[in-house]
Amino acid sequence: MTLAAPPSPARPPPAPIADPALLRALPQVQKLMETEAARELTVLFPRQAVVGALRDALDAVRRALLAGDIGGDAVSPESLNGTLIAAARAALEPSRHRHLRRVINGTGIVIHTNLGRAPLAEDAVAAVAEAASAYSNLEFDLESGERGSRYVAVTGLLHELTGAEASLVVNNNAAAVLLAVSAIAQGGEALVSRSELVEIGGSFRVPDVIRQGGARLVEVGTTNKTRASDYEAAVTSDTRAIVKVHQSNYRIVGFTSAPAMTELAALARARGLVLMEDLGSGTLLDLRTIGLPHEPTVRESVAAGADLVMFSGDKLLGGPQAGIVVGRKDLIGILKAHPLLRAVRIDKLSLAALEATLKLYRDPDRLVAAVPVLAMLAAPMPVLERRAEDLAARLRGIGGLEVDTADGNSYSGGGSLPETALPTRIVAIRANGLGTAELARRLRLHRPAVVGRIAGGRLTLDARTLDDRDLPAVAGAVGTVLVESVTE
């Protein structure tokens, strides 16, 4: 019996081979650079970048020829130069724009971490511009002509506003907590309630910071109930500090209890411990004065006996990114002497913005209107209704849109007031012939970018986080996006 050999597998067709004449017709980069169109590109972009973009464009055409994807008519000198220049320009165009750019926040999240948190007050913006555009007396005492301290700019203000003996400022609140733990509790134990072992945005976990600071974490109490006696029972000869942590963006409700700061302060004094509090987005203003639920103020924590209080500069304070530490003078001195301080110290631009922001807190009559975060949180419903109707009227003048206004809820964000929904007015839009997700994407890519929220199949824009000055730009962006979608 003879077995037939299996059929040979079909061979793929040979790869097309480009006509050598077509490859030779491709222009040299140097020849392209001598054209008027290329010289115009070098006015807008660095010469080396233009050369690189043209080289990449030529390589793409060469690969297409070798693969047989384009024919000889596409490499005629008449058409090719223009195609290559256009490709190079398209590749270079994104480099003309800065990565960080203006975003109009229509989300209703006031302290939006992904959008840069707190927009600065006009006074703070002016202070940054002055500090950035020239030399400054950052660490120079103009009176004596000797080296000075950068912290002098804010120490007096923080003493006045918080009642604390001394203060220190670093680049963010996580750094402030890490510095405090490293300087005070390293090599010893730090007591923290189980209900306060929180994780906030960016996977920042309190247990990890305690360990990174060289302290041993000792959990006390239970998830829902912790008493002063739980802390006292956990104290050993190795205990260095009691760390009180603001729960940030979550709450435990129901059958709960926690000791008052005054109780913990008394325990810390009796046992020779340091009581430090991470107040998170700590506020200098009693929020009840602007119609919001009470949040512990920094002054209240200091008055209750906290030895060190750490809080953010760019949340409820409404200033730049910063970590602020206030408290006992001797302990602040220890923090200032710690080698970690150099790695986390605040820069001159943030310091200038912080000083200007703190000065606004000395003028209660001007404060809320001058600090954007506070102005947005305090905005009354009649103002929001008027703003929403103004935007809706502008959008109704654009063809191809369905526009409605409705009640909605805004939120503080940034781990602040997590249970508090702020009544607001929203503008909801839907574009004919363009999906809502695509509309949202195109508005995000517009300059300036417009960011809203998608709900119920419509894109919503919240009047609370929009400024009156934003409304023409929002309407202009929507109009541009719709025109571009029609002409594609």
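The following paragraphs lead through a predicted model, beginning with the overall dimensions and then taking up two sheets and the helices that pack on them.

The protein has 20 helices and 15 strands. Its C-alpha atoms fill a box of roughly 90 × 75 × 70 Å along the principal axes, and its radius of gyration is 30 Å, whereas a compact globule of 488 residues would have a value near 23 Å.

One sheet is built from seven strands, which follow one another in the order E2-E10-E9-E8-E7-E3-E6; this sheet is open and its pairing is mixed. The edges are taken by strand E2 (166-170) and strand E6 (216-220), and each of these has a single partner strand, so one side of each is left without a neighbour in the sheet. From one strand to the next, the twist averages 25°. Within this sheet, strand E7 (residues 239-245) and strand E8 (residues 274-278) pair in the parallel sense over five bridges, and the bridge partner of valine 243 is methionine 276 in E8.

Helices are found packed against this sheet, among them H7 and H13. Helix H7 (residues 152-162) lies across E2 and strand E10 (323-327), and its direction is at about 120° to that of E2. Helix H13 (residues 329-337) touches E2, E8, strand E9 (308-312) and E10, and makes an angle of about 30° with the direction of E2.

Helix H13 also meets another helix, namely helix H8 (residues 173-185): the two axes come within 9 Å and cross at roughly 100°. Because angles of 65 to 115 degrees count as roughly perpendicular, H8 and H13 are described as roughly perpendicular to each other. H8 contributes Leu179, Ala180, Ala183 and Ile184 to the contact, while H13 contributes Leu331, Ile334 and Leu335. Sorted by class, the contact of H8 with H13 has seven nonpolar residues, with no polar and no charged ones.

A further sheet consists of four strands in the order E11-E12-E15-E14, and this sheet is likewise open, but its pairing is antiparallel. Strand E11 (401-413) and strand E14 (453-455) stand at its edges with a single partner strand each, so that one side of each lacks a neighbour in the sheet. The twist here averages 40° from one strand to the next. E11 and strand E12 (residues 416-431) pair in the antiparallel sense over 12 bridges, and threonine 405 stands opposite valine 427 in E12.

This four-stranded sheet also carries helices. H18 lies across E11, E12 and strand E15 (458-462), running at about 25° to E12, whereas helix H19 (residues 436-445) lies across E12, E14 and E15 and runs at about 45° to E15.

Helix H18 (residues 381-396) is in turn partnered with helix H20 (residues 471-487), their axes coming within 9 Å and crossing at roughly 30°. Since angles under 35 degrees count as roughly parallel, H18 is roughly parallel to H20, and the crossing of H18 and H20 is right-handed. On the H18 side the contact is made by Arg387, Asp390, Leu391, Arg394 and Leu395, and on the H20 side by Leu471, Pro472, Val474, Ala475 and Val478. By class, the contact of H18 with H20 has seven nonpolar and three charged residues, and no polar ones; in the contact of H8 with H13, by comparison, there are seven nonpolar residues and no charged ones.

Technical notes:
Residues are numbered from 1 along each chain as its sequence is written. This is a predicted model: local features need pLDDT of at least 70, side-chain atom pairs count only at pLDDT 80 or more; totals for chains, interfaces and linings use all residues. Side-chain values use heavy atoms; hydrogens and water are left out. Axes are lines fitted to C-alpha atoms, for helices over the stretch in contact, and angles run from 0 to 180 degrees between N-to-C directions. Helices (H or I, at least four residues) and strands (E, at least two) are DSSP runs, numbered from the N terminus. Angles under 35 degrees count as roughly parallel, over 145 as roughly antiparallel, 65 to 115 as roughly perpendicular and the rest as oblique. A crossing is left-handed if the near helix is turned anticlockwise from the far one by less than a right angle, and right-handed if clockwise. Contact means heavy atoms within 4.5 Å. Ala, Val, Leu, Ile, Met, Phe, Trp, Tyr, Cys and Pro count as nonpolar, Asp, Glu, Lys and Arg as charged, and the others, Gly among them, as polar. Two strands pair if DSSP finds at least two bridges between them. The radius of gyration is taken over C-alpha atoms; the globule rule is 2.2 Å times the number of residues to the power 0.38.
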